[in-house]
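Visitor: I'm new to this one. Could you take me on a close look at the nonpolar core and what sits around it?

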Amino acid sequence: MQYQVSQMNAVRRSFVLSAIALGGAFFTNAASARTTTIQVWKDPNCGCCKDWISHLEKNGFQAVVLDQGNNAARVRLGMPQKFASCHTALIDRYVIEGHVPAEDIKRMLKEKPQALGLAVPGMPIGSPGMDGPAYGNRRDAYQVLLIQKDGSSKVFNSH
């Protein structure tokens, strides 16, 4: 009889621990899904913005696209005009300006710097959305900048 009680307790413990583990996995996946949703403000007729969004989606992000231009969003989110590009995005609490590669966004989300966000000013050839056959497969060097909340910047990555 003692053996059966002990065995039942072991089964109960195993069940409870499994339930806790599954619950934790569910909440981890739910949090992960939330952090991969990115809002993008862009002009409805911009082809390179669409290509950048495709790049993000191929890299696991879910884009919510707002085809209303990005100037007002950029101002509202606090991204200085000197870092402007053709689209502005928001993920978690970070602002993304321009053709920032998905790998750099993922790195920033992992490292969680105290910053406003990332920017690739202008529209450099070879950056995501500004690459491919339409551009003769040319690749110009460019930098991804980490934009501080005070408007200053430093190089986050070079491509």
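Guide: Going along the sequence, the order of helices and strands is α-β-α-β-α-β-β-α-β-β-β. That gives four helices and seven strands in the chain, where helices (H or I, at least four residues) and strands (E, at least two) are DSSP runs numbered from the N terminus. Keep in mind that this is a predicted model, in which local features need pLDDT of at least 70 and side-chain atom pairs count only at pLDDT 80 or more, while totals for chains, interfaces and linings use all residues. Residues are numbered from 1 along each chain as its sequence is written, and side-chain values use heavy atoms, leaving out hydrogens and water.

How far can you trust the picture? The average pLDDT (the predictor's confidence in each residue, from 0 to 100) is 85 for the chain, and 78% of the residues score at least 70. Residues 15-19 fall below 50, and that stretch has zero contacts beyond near neighbours in sequence; a contact means heavy atoms within 4.5 Å. Residues 24-34 also stay under 50, with one contact in the model beyond four places in sequence.

Now to the core. Of the 159 residues in the chain, 39% are buried, meaning under 20% relative accessible area with a 1.4 Å probe and protein chains only (exposed is over 50%, partly exposed in between). A nonpolar core is a set of buried Ala, Val, Leu, Ile, Met, Phe, Trp, Tyr and Cys residues joined through side-chain atoms within 4.5 Å. The largest one here has 22 residues, and I38, W52, F61, I91, I96, I105 and L118 have the most contacts inside it. At least two core residues come from each of β1 (37-42), α2 (47-58), β3 (87-91), β4 (94-98), α4 (102-111), β5 (117-120) and β6 (143-147). The largest share, four residues, is supplied by α4.

Take W52 as a way in. Setting aside neighbours within four places in sequence, W52 contacts I38, V40, H87, A89, I96, G98, H99, V100, I105, P128 and G129. There is also a second, separate core of eleven residues, with A73, V95, L145 and I147 among them.

Next, have a look at K42 in strand β1. K42 is buried, at 2% relative accessible area. Leaving out residues up to four places away in sequence, K42 touches a list that includes C49, I53, D67, N70, C86 and H87.

What about the cysteines? A disulfide is a pair of cysteine sulfur atoms within 2.5 Å, and a search of the whole structure finds zero of them. C48 has C46 as the closest cysteine sulfur, but the distance is 3.4 Å, so the two are too far apart for a bond. C86 is in no disulfide either, with the sulfur of C48 the nearest at 3.6 Å. Both are buried: C48 at 7% and C86 at 15%.

Last, two loop residues. D92 sits in the loop between β3 and β4, is partly exposed at 38%, and has a positive phi near 55 degrees without being a glycine. K112, in the loop between α4 and β5, isn't a glycine either, yet its phi is positive too, at about 50 degrees.
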